[in-house]
Each structure stands twice: as C-alpha cells, then as structure tokens.
Amino acid sequence: MNKFHLIAAFAAVALSASATEVKSPDGTVSLDFEVKDGVPTYTLDYGDKVVIKPSALGLELVNDTDLMDGFELVSTKESTFDETWQPVWGETRDIRNHYTELLAELRQPATGRLMNLRFRVYDDGVGFRYEFPTQPNLVYFVVAEEHTQFAMNGDHIAWWIAGDYDTQEYDYTESRLSEIRGKMQGAISSNASQTQFSPTGVQTSLQLKTDDGLYINIHEAALVDYSCMHLNLDDKNMVFESWLTPDAVGNKAYMQAPAKTPWRTVMVSDDARQMLASNLILNLNDPCAYEDTSWIKPVKYVGVWWEMIGHGKQWSYTYDLPSVKLDSLDYSKTKPHGQHPANTENVKRYIDFAAEHGFDQVLVEGWNVGWEDWFGHSKDYVFDFVTPYPDFDLDGLNKYAASKGVKLMMHHETSGSVRNYERHMEEAYNLMNKYGYNAVKSGYVGNMIPRGEHHYGQWLNNHYLYAVTEAAKHKIMVNAHEAVRPTGLCRTYPNLIGNESARGTEYESFAGNKPSHTTVLPFTRLQGGPMDYTPGIFEMDMKKVNPNSAGHVNSTLARQLALYVTMYSPLQMAADVPESYERFMDAFQFIKDVAVDWDDSRYIEAEPGRYIVVARKAKGKDDWFVGCTASEHGHDTVLPLDFLDKGRKYKATIYADAPDAHYLDNPQAYTISTKTVNAKSRLKLKAAPGGGFAISITPVD
Ligand code: NOJ
Ligand code: CA
C-alpha cells in the first residue's frame, strides 16, 4: 500500500428502506435500486438517457431455495469515496477513484438468509456485486446460475465474439443485437471453436453503441474465486442475462460465506474516447497486495516465437511422439528434425540482437522437453518445466545473456495439464530464480485434464491467480496465454503484467485478423488489462516465409508500429524475426524508441471498429508517442499537439503509410519524415486502409 494516497473522506448515511436513487459524483450517471415484489431490481441512466431498463438481480442455487425473490429491503447506506492512487505501471501516473456507493442489505424472510448488493456509481458507469455476509442459514452453497439482467433500451450495435467457455480467440462481429442469432454460425465457423452454449451467447467485455450516441460496455471486475461471466441475449426483449462458465459437472460456482461475486460493470459515456480512458475496472479492484513492488518492471522483448508461429518451425526437438513417460525418455537416442529455433546458437543470435537494439529480454519457447506431445493427445507425456532439450544450454545462455545486459524470458506451456503444472511450479520458479529469469510466459493450450474443466471456470480462475501469487513469492512476473480474460486484477497483483485471452497476432499467420480488429480490442479485451498482442510484424506476406501458411498480416507496416501505442501494455514484443527488422531498420527505430510505461495518455480520436488515435507521455520523461490504428476504411485526421508543454520546441518523427499503401497489396509502403513542432502545431495525417501512423516527439530545447 506504499503508493496509495487517500485524499478524501468517507461518509456513510443510513437511508430509509425504500426505492433508492444514487447519483455519481458529478450527477451524470444515476442508479435506481428497489426490491420490486420481492425481486432486487436496478436501472441505470446517463443524463436523461436510459442505459439499463429495470433489470432483475439474483442467483439460482443447486438443491436449495434460490436467492432470486422473496426479498425485503432491510436498509440502504450511501457513501462517497475519493482517492487518487499510483499504479506500479500503467497508462497514467495517477488514477482517481471517485464514486458514490450504495449498499443495499436484503433479507429473505422465508429462509432468514441475508444478501447484500453493493453498487459503486462513477461518472462513467457502475459496478455492482452480490455479497453474502456470515450468517447461520447460508453457510456454503452451490450456484446453478447467476441471473443478473442487463435490459437494453434498444436494438443497439454491438461488437461481439461468440460465447465460449474455453477461448476468446475470435474475430469480432459488428452487428445489431437483433442480428446476433443470424450471424452466430459465421462468427463461430471462422474459428476452430470448442463450446458454444447458446445462439445468442456472447462474451464480455461487450462494447455497444446506441442510436442516440451512447457507448455502453458490459464486463466484470475482480474475477476471483468465481466463474467467468458470459452474456445470453433474450433477443425478443433485448435483455442480456449473465451466464456463468460451468465446471465439469455443470455447476457454476461453489461459495462459502462470507463471500462475494465479482463486480458486474456497465460503463457508459456519450464520448467513445471515455470508454478507453476509463479506469472503472481497475478502480473496482483492491489496492496492490504487495509491500515491495520494486522488482516489477515493464518489459520490451524479442524471441524465437515467430519462427514457429509464422515460419512453420517446431517447438519440439524431435518428431517422435513418445509412448514412454517423460522420465524414461532418452533424447540422446531420438533423431532431431533440425527445425528447432530454441537452440543455443540461434538463441545467442537473438541475445546479440536484443543487446544491440536495447531490448530487455529474449523469449525462448521450445527450450524444454515435452513438446513432442504438447497438444496432449495422450496427455501421458507432459512438461516438467525444468529439463532443457539437449541443444539448449540453459546455464551458458543465461550467462551469455547476463553478460550482455539482457535476460531470457521463461516459457511454460502447460498444455492444459494444470495439476501437473502445480506439482512442478515451485521447482520451475526456483529454476528461474537460479538462472536469473524474472518473467514467464505461460500457456494453457488444449482441453483441461484431469476432469475436463473449462478454461474460464472457477477452478481454473483460482489456478491462474495461484500461479501469479506464487510467482510473486519468487519475484517473478507472469504473462499468461489462453487464461481467462483479465478483469483488472493487475491493480492488486501487478506482477500479472500480461495476458493474451483474445485473438492475437498469431492468427495473422494462421488465417489473418480483420483489419478492424485492433480498433475493437482496446474497447473490449483491453478494458480488463493489458494484452500481449505481439505486434511488430514487418513481413505481411506469410506465403513468402512459409508456403503452408493460410494467413496474411492484415495491416500496413506503419500500423504495426502504431500498435505499441494503441494497444496499451507494459509488456511489448517485437515479434518478427531479426532479418525482417534488418530490412527496415529506419522503421524499426520507432519500436526501439517507444516507451512501455506512461505518465499520461490522451485518447484523441476513437470509434470502435473504425479508428483509434492516442498520445502517451513516457514515464519520467518529456517524450510523447502517438499511435493511430485504422480499419479497412483508413482514417484522415488533423492532429492537434496541444498535449505538449506550451512554449517548448519538439522534434516529431512521423512514420506514416505512403500514399499508395494498402494492407492487402502494398503494406510495406511507408514514409518517415521529421518536423519541428510545438503545442500549437496541427499535423495532417492519413492512415491507409488497414493502416495507421506512429509518431515520436522529443523536446529539442
Ligand atoms: C499459444 C500461444 O498463444 C502462443 O503464443 C504460444 O507460442 C503457443 N501457444 C505455444 O505455447
Ligand atoms: Ca493463443
């Protein structure tokens, strides 16, 4: 709690037990709560516009009286809270957490059970959760379903991905709510998917836009010891209802009082930029749980990754699918296939490249034994996370890296064998400590064993957090792929420096992402926390590097640079191979220069699915970086530089799409120009279809 300042007082007032209205600090957002015929019910307004029509709240229990109706309101308490806190890393140096709180205490007379609803009303939305105080008649219970409603006030436009308990790796579909059902099959078949639960089921964070210009976002905050929430749409009445991820036997959550659900969040603004600038989700999470955070550091890294993902090489050392257990496998007797980038000589090349160009770390995937069966077909053969392949000199490479001021980044693919990972975790983290690793990329590809849990169920959610808090004991930072999508937990556990949990750059190689993809992700996936999107691909024609590739990088090169600014993350990879960067060293300069931690961020223009323009000020410096990412429609802008200090002179280096650039057939056409600018300057800029621009601005006085 070292960096935590409380700057305003807390005041509580007990109100009479009737329908209650609470307003956000500046009065823009108002929340009404009442117990209507025994059913807890809320509505949400933004000014004079309806955001959420009367919507019911409640939980259905397994073999027990439901917590859905028969309630009476015992009391309501209203209070205000105002603090400004400093994240360990983030988009801004200071974050203000200012809300009006309503605590509604309910009682179900027929059972004598108590349930509270806590609402926090912000100027840009609301968070609310269910709380179950310690009580004699509700000790432990099993949730069959949560029935939290979000009744929409119209047939809004939505940016959505299909509901799925195991993956978020989808392209977004933009459609009216009424069109979700008709478009669901297409949205699913564009991905090798696992579990769809409903023809109108979608995932959060869900971004919406109303016909009268309101931007609404539904998500959750502080997902701890509970299942991830999806939304199921009643498309006759336009009512979304929560739909929790089940466990292997169909139950949705196991609770023991005192207990609480995660916060359900509804963000709202008439300005799309506020959706991106909002800190509502972070604010609803608890303050940092660690005393010492000095070991948590943003990271810019390179790695052998794209050689496998993009160029078709292998994580494994040999082709053989062993029929024996890991501990009896003799690699010296198996034949290497020679397509294994995680070898000592190649990794040295990456270390040299990282050292020469100022990168902090080199990620090496495929360094450890076990990849011969990593899709887990037999699940008989799993990783131990400590045994290197014969061609990977663990000790020598770490020493070599250290001698060059670089670190290796650890990789733990669990292959869905999570119990196995937990068994080996302590040793795996010890090994990292021994050799000097301080960051691990983990992964959860494949179906979960032993019980067929889902990736987004309570059991796995507890595991992901366990991996993070255990890592903290070893001063290790975690970047988990295929884990549940983030919900702001990085405020409490800032060593969770990244997640994938969406369709990342890897799909550019597998199939291609929609050019609009990175204009949607900041509105959706990034609401809960940073994404390891792995940008920086300079060779877009995947057939050139891998004849078997079915993908194409649907972006111009200039836009790949912009992603380091528009896709906020304290962990950024320069994902392409060194040979690609050597061809375009002048453009690569931006990736070398760009910061990964910020004192300030200004969202200058934004529209989901169309464009995002953001300017950020580097942490502790006077340098600014601007990024623009555009959809297939491109984007024209006249960019005011009024965020610069008045009276100062700066040099702007502008990396832009060439006039004839196009993400499909001319993606590598870019221009680099410099200009002397000041706070009064305005830059006329044009992003090509699927393009963008990136600008670095440094003071010259
Ligand atoms: C999927 C991850 O998203 C990717 O980055 C990783 O290389 C593979 N799994 C192997 O772990
Ligand atoms: Ca993935």
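This is a short tour of a predicted model, going from a calcium site to the internal cavities.

**Calcium site**

Select the calcium ion (ligand 2) and the side chains of Glu-169, Glu-482, Glu-500 and Glu-506. These glutamates are its protein donors; each binds through OE atoms, with Glu-500 listed twice, at 2.2 to 2.6 Å from the ion. Along the chain, the donors follow the spacing E-x312-E-x17-E-x5-E.

Next, display the angles at the ion. Among the 6 donor atoms of the calcium ion (ligand 2) they run from 52 to 166°, and the site is irregular. For reference, six octahedral donors would ideally give 90 or 180 degrees.

Now colour two of the donors by accessibility. Glu-500 has a relative accessibility of 2%, so it counts as buried. Glu-506, at 11%, counts as buried too, because the cut-off is under 20%.

**Cavities**

Turn on a cavity display for the protein. There are 5 cavities of 30 Å³ or more in the structure. The volume of the largest is about 190 Å³. To centre the view on this largest cavity, select Tyr-464, Leu-465, Val-484, Leu-489 and Leu-496, which are the closest to its centre of the 18 residues that line it.

Which elements each supply at least two residues of this lining? Select α8 (458–473), β28 (477–481) and β29 (496–499) to see them. The largest contribution is that of α8, with 5 residues.

Finally, colour the lining of the largest cavity by residue class: 13 residues are nonpolar, 4 polar and 1 charged.

Definitions and conventions
Residues numbered from 1 in each chain as written. Chains lettered and ligands numbered in written order. Predicted model: local features only at pLDDT ≥ 70, side-chain atom pairs only at ≥ 80, totals over all residues. Heavy atoms only, no water. Donors = N, O, S within 2.8 Å, 3.2 Å for Na, K, Ca; no water. Tetrahedral: all angles 85-135°; square planar, octahedral: opposite > 155°, others 65-115°. Buried < 20%, exposed > 50% of the residue type's maximum accessible area, 1.4 Å probe, protein only. 1 Å grid on protein atoms, 1.4 Å probe; cavity = no way out; pocket = protein on both sides within 12 Å on 5 of 7 lines; lining within 4 Å. Points joined across faces, edges and corners; volume = space filled by probe spheres on them. Helix = DSSP H or I, 4+ residues; strand = E, 2+ residues; numbered from the N terminus. Nonpolar A, V, L, I, M, F, W, Y, C, P; charged D, E, K, R; others polar.
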